[in-house]
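This report introduces a single protein model to a reader who has not met it before. The sequence and the structure are shown first, and the description follows.

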Amino acid sequence: MWIAESIDGFRTQRRALSGTVGLVPTMGALHAGHLSLIATAAEACDHVVASLFVNPTQFGEGEDYTRYPRPEADDLAALRHAGVMGVFKPTVEAMYPPDTPICEVRVPALAEELEGRCRPGHFAGVCRVVAKLLNIAEADAAYFGRKDYQQWRIVEAMAADLCIATRIVGCPTVRDADGLALSSRNQYLDAPRRQRALGLSKALREAKMLIEQAGETDPQAVEHTMRQVMTAHRVVVDYAAVRHPTTLAQLDCIEPSLTGGVVALVAGSVDNVRLIDNDCMGVAS
Ligand code: AMP
């Protein structure tokens with residue numbers, strides 16, 4: 001497994017690969033969710049390359065950029081074990097050379113609400129770094145977790161509108177047995193807080209039951225129930241929303257004509273640990 005720290009170094013190695021290439025962008029602190037993206041990429045592509053980069057531009061002031069876990073040796077061992085061909089591990093200076101005019105990449109129609117409202121500037125940072133990574137990697141496909149549902153939809157829209165040739169693939173969320181979505185931030189949770197964090201996945205399960213089994217068609221009723229479940233777990237709720245699965249638009253009614261179903265998205269904090277989760281659900285027939 002080769003490791004490149006410069007853009008030119010990565011490009012040289014990448015262009016020497018023959019066959020198809022799948023890119024898996026990560027911020028490290030790898031867990032089974034990341035590894036599932038690598039496995040999906042490996043099934044579809046001849047080679048998998050991954051990036052390890054804690055991207056400063058997507059963290060807001062007071063967020064966890066400086067304390068974000070960076071277990072680099074473990075991450076490299078996990079990537080090697082997963083059969084990754086090459087790793088792009090740039091420095092901040094390589095990705096953001098000082099004195100370079102900044103380019104803004106935004107998808108306002110998808111990015112202003114939900115996470116975008118709670119974390120101003122977050123998606124501008126995500127779009128900028130993902131656009132760079134896609135241009136650097138020149139991959140056939142890039143793999144993103146649906147765990148970050150809004151991010152996946154934004155990246156997909158950005159790549160389509162900017163005519164980026166890389167196919168954007170969304171992969172299912174990997175969960176622990178109790179339902180908690182795997183996240184690098186879960187390691188901030190001690191046992192009691194981890195129990196409280198289950199409020200997010202339980203809220204989604206309740207929403208799914210309401211929509212698919214009880215036939216609830218009022219998004220606000222579902223949102224209200226999700227908030228109640230989270231609050232009962234002492235999660236401080238940022239949002240609990242039922243939205244259109246691709247446009248993320250608010251819905252007046254969960255109509256059977258929504259053949260793609262709906263997506264329920266939740267976010268909240270357990271003390272100072274912020275967590276997000278989501279699930280897609282069909283409509284009762
Ligand atoms: P991160 O390192 O948090 O930036 O995540 C890198 C990629 O892994 C993103 O596309 C995430 O959506 C994805 N990811 C994170 N957690 C999970 C999970 N539990 N299941 C599937 N994909 C995930």
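## The parallel sheet

Strand E2 is joined to strand E3, residues 47-52, by six bridges, and the two strands run parallel. Within this pair, Gly22 has Val48 of E3 as its bridge partner. The model described here is a predicted one.

E2 and E3 belong to an open sheet of six strands, arranged in the order E1-E4-E3-E2-E5-E6 with parallel pairing. The edges of this sheet are formed by strand E1 (2-4) and strand E6 (167-171); each has a single partner strand, so one side of each is left without a neighbour in the sheet. On average, and with direction ignored, neighbouring strands of this sheet are turned by 25° against each other. In general, the strands of a sheet pair through backbone hydrogen bonds, in either a parallel or an antiparallel manner.

## The antiparallel sheet

A further open sheet consists of three strands in the order E7-E8-E9, and its pairing is antiparallel. Strand E7 (236-243) and strand E9 (273-281) occupy the edges; as each has a single partner strand, one side of each is left without a neighbour in the sheet. Here the average turn between neighbouring strands is 10°, direction ignored.

E7 is connected to strand E8, residues 262-270, by seven bridges, and these two strands run antiparallel. Opposite Val237 stands Gly268 in E8. Being an edge strand with a single partner does not leave E7 mostly uncovered: six of its eight residues are buried.

## The ligand and its surroundings

Which residues are the closest among those that surround the ligand? They are His34, Gly145, Asp148, Val174 and Leu182, out of 16 residues that surround the ligand. By type, the residues of this shell divide into eight nonpolar, six polar and two charged. Three elements each supply at least two residues of the shell, namely strand E2 (21-26), helix H2 (32-44) and strand E5 (141-145). The largest share, three residues, comes from H2. Strands E2 and E5, which both contribute to the shell, also stand next to each other in the order of the six-stranded sheet.

Polar atoms of the protein approach oxygen atoms of the ligand at several points. In the side chain of Asp148, an N or O atom is 2.6 Å from an oxygen atom of the ligand. For Gly145, a backbone N or O atom lies 2.8 Å from an oxygen atom of the ligand. For Met27, the corresponding distance from a backbone N or O atom to a ligand oxygen atom is 2.9 Å. Taken alone, the ligand exposes 490 Å², and the protein buries 92% of that area.

## A buried histidine

His122 is found in helix H7, which covers residues 122-137. Is this residue buried or exposed? His122 counts as buried because its relative accessibility is 7%, under the cut-off of 20%. A polar atom of the His122 side chain lies 2.8 Å from the backbone oxygen of Gln58.

## Two residues with positive phi

Leu114 is not a glycine, yet its phi is positive, at about 55°. The residue lies in the loop between helix H5 (108-111) and helix H6 (115-118). With a relative accessibility of 7%, Leu114 counts as buried.

Cys163 is likewise a residue other than glycine with a positive phi, near 55°. Its position is in the loop between helix H8 (149-161) and E6, the latter being an edge strand of the parallel sheet. Whereas Leu114 is buried, Cys163 is exposed, with a relative accessible area of 67%.

## An exposed glutamate

Glu93 is found in helix H4, residues 92-95. Its relative accessibility is 52%, and Glu93 therefore counts as exposed, the cut-off for that class being over 50%. How far apart are the C-alpha atoms of Glu93 and Ala160? The separation is 28 Å, for two residues that are 67 residues apart along the chain.

How values were computed
Residues are numbered from 1 along each chain as its sequence is written. This is a predicted model: local features need pLDDT of at least 70, side-chain atom pairs count only at pLDDT 80 or more; totals for chains, interfaces and linings use all residues. Side-chain values use heavy atoms; hydrogens and water are left out. Helices (H or I, at least four residues) and strands (E, at least two) are DSSP runs, numbered from the N terminus. Buried means under 20% relative accessible area, exposed over 50%, partly exposed in between (1.4 Å probe, protein chains only). A polar contact is a pair of N or O atoms within 3.5 Å; within protein, one must be able to donate a hydrogen and the other to accept it, and residues adjacent in sequence count only if both atoms are side-chain atoms. A residue is near a molecule or strand if one of its heavy atoms lies within 4 Å of it. Accessible areas come from the Shrake-Rupley method with a 1.4 Å probe; for residues, only the protein chains shown count as cover. Ala, Val, Leu, Ile, Met, Phe, Trp, Tyr, Cys and Pro count as nonpolar, Asp, Glu, Lys and Arg as charged, and the others, Gly among them, as polar. Two strands pair if DSSP finds at least two bridges between them. Axes are lines fitted to C-alpha atoms, for helices over the stretch in contact, and angles run from 0 to 180 degrees between N-to-C directions.
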